[in-house]
Amino acid sequence: MTTDIAARLIRPATAEYDKARMVWNAMIDRYPAAILRCASVQDIQAGLAYARSQGLAVSIKGGGHNVAGHAVGEGALMLDLGGMRGVTVDPTRRIAWVEGGAIWADVDSATQVHGLAVPGGLISETGVGGLTLSGGVGWLRSRHGLTIDNLLAADVVTADGEVIRTDASHHPDLLWALKGGGGNFGVVARFCFQLHLVGPEVMFCAPIYPASAGIGPIKVWRDFISQHSDDLGSLVEFSTIPESPDYDSAYWGQRCYTIAAVFAGDAAEGERLVEPLRNLGPKAADFSGIMPYATVQTLFDALMPTGAYRCYWKSHLLAKLTDEMIAEALQNAVDNPSDRSISSIWSFGGATARVPAEATAFGSRDFGWMYSLDSVWEKPEDDQKVRGFTRAAWDRFRRHALDGRLYLNFAGQDEDSAELTRTALGRNFARLAKIKVSYDPGNMFCFNQNIPPAA
Ligand SMILES: Cc1cc2nc3c(=O)[nH]c(=O)nc-3n(C[C@H](O)[C@H](O)[C@H](O)COP(=O)(O)OP(=O)(O)OC[C@H]3O[C@@H](n4cnc5c(N)ncnc54)[C@H](O)[C@@H]3O)c2cc1C
């Protein structure tokens with residue numbers, strides 16, 4: 001079997017290699033020893049056998065969206081799960097089995113046929129694999145929690161090639177570890193998710209205020225959303241108004257923020273509920289409306305094409321959101337040297353907050369907010385300027401962060417990754433390191449937010 005796989009490997013200096021090693025962030029330029037496109041569990045097993053025989057570490061590519069580029073390991077065998085995107089829905093039991101290389105578009109289209117959904121992310125091309133394994137925050141988090149809170153079971157191929165079904169009664173330590181511990185424990189061939197009734201139509205709220213409106217509307221949003229944390233998945237997203245007829249031309253090129261929210265219950269009720277957020281001053285545009293949930297899930301896709309831009313993202317988890325923090329976030333958005341950059345204040349609470357700290361490897365849900373700096377730019381010559389700005393803004397904001405914690409799916413790149421992972425996982429880090437010994441004692445899966453096996 002290893003010989004067959006060797007013939008299928010995409011190696012350096014072949015026509016396909018450069019395209020196959022590309023991921024979403026155009027800054028990532030790494031050279032794996034070889035790439036294997038997997039279409040089945042058997043392919044994963046054969047790839048791992050080959051890696052063991054050659055002494056290679058393994059990197060796993062799900063959707064390729066990880067901003068730090070963990071899917072591509074320098075000198076590693078890269079397992080590309082892009083051939084494993086199947087989704088099987090059981091509408092009666094309200095569960096879905098999702099293959100490890102699926103993207104959220106695959107899941108949303110298969111589940112929405114039945115009026116069902118699992119909380120995913122905001123962009124339809126993001127991979128289910130990476131997003132789930134480090135938490136997963138999306139529009140449905142207020143009602144149904146993080147993606148991991150809906151993970152019921154998984155089929156995992158471990159470093160020695162064994163396929164393990166983990167659920168609440170079988171290898172529960174592994175299921176717990178998958179809920180926040182990243183791709184450290186094996187290749188997840190299939191995830192099983194709990195589904196919920198959603199839509200098909202939902203209320204999407206998206207008035208866009210110019211930055212010149214100041215922090216007033218955001219303060220109103222903060223107080224409003226705190227009262228509705230069970231109902232609305234919401235964030236304030238700072239960006240730049242494009243020169244497009246969809247926007248009032250008086251505001252073209254100005255920095256702005258969108259007060260975005262999704263009400264995933266009765267759409268008409270949602271429309272009434274979000275009304276106060278839509279009348280907080282002069283607007284550059286208002287994209288609010290009742291629309292299919294599947295459409296909402298693709299609304300931001302055009303901003304984030306694969307391989308087009310260079311990116312550096314970082315985040316902080318916050319206990320509370322003060323006026324001072326809002327003002328600082330607005331100023332950072334105004335000062336960001338790139339018009340393509342985005343930054344956001346995410347609200348939490350609701351179902352996300354009700355999950356006990358010990359229930360998942362992700363850990364405590366004591367954060368009410370998250371601040372994320374998602375810098376995006378085009379030219380390599382701007383790397384230092386935009387990255388430097390983002391890092392400095394993040395460093396300054398760190399004094400507000402809850403125990404110095406950040407969200408591992410927005411963690412930056414090429415910097416103190418071990419320390420960030422340790423801080424983010426807190427008390428769970430040591431338990432995860434022990435679990436790692438059972439499933440990947442040699443740290444074959446080290447291209448991730450790495451948790452080395454306990455000594
Ligand atoms: C445009 C964009 C939008 C985003 N929006 C959101 C959002 O709304 N909410 C949110 O929570 N996050 C969001 N993210 C962050 C995203 O969750 C992470 O970047 C995540 O790592 C992406 O998963 P992936 O499978 O696409 O990544 P990849 O780069 O393919 O994988 C990242 C790592 O995940 C692990 N992994 C992936 N699949 C598997 C698998 N099947 N088995 C084992 N390990 C695996 C591996 O360690 C791999 O190195 C966004 C990212 C981008 C670029």
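This is a short dialogue on reading the ligand shell, the domains and one sheet of a predicted model.

Me: Let's start with the ligand. How many residues surround the ligand, and which are the closest?

Reply: Begin with the count and the inner members. Here 36 residues surround the ligand, and Gly63, Gly127, Gly129, Gly130 and Gly183 are the closest. By class, the shell holds 15 nonpolar, 20 polar and one charged residues, with Gly counted as polar.

Me: Which element gives the most to that shell?

Reply: Trace the shell back to helices and strands. The top contributor is α5, with four residues. At least two residues each come from β2 (58-61), α5 (128-133) and β9 (187-194).

Me: And which domains does the shell draw on?

Reply: Set the domain bounds beside it. The chain is assigned domain 1 (2-82), domain 2 (85-197) and domain 3 (201-416). Domain 1 and domain 2 each supply at least three residues of the shell.

Me: How many residues does the contact between domain 1 and domain 3 take from each?

Reply: Eight come from domain 1 and 10 from domain 3. On the domain 1 side, six are nonpolar, two polar and none charged. The centres of these two domains, taken over C-alpha atoms, are 33 Å apart.

Me: Now the sheet with β1. Why is one side of β1 and of β2 left without a neighbour?

Reply: Read the strand order, then look at the ends. This open sheet runs β1-β3-β2 with parallel pairing. Strands β1 (34-37) and β2 are at the edges with a single partner each, so one side of each has no neighbour in the sheet. Neighbouring strands are turned by 20° on average, direction ignored.

Me: What packs on this sheet?

Reply: Helix α3 (residues 41-54) does, touching β1, β2 and β3, and its direction makes about 175° with that of β3.

Key:
Residues numbered from 1 in each chain as written. Predicted model: local features only at pLDDT ≥ 70, side-chain atom pairs only at ≥ 80, totals over all residues. Near = placed C-beta within 6 Å. Domains from an automatic or database assignment. Contact = placed C-beta atoms within 7 Å. Pairing = 2+ DSSP bridges. Axes fitted to C-alpha atoms, helices over the stretch in contact; angles between N-to-C directions.
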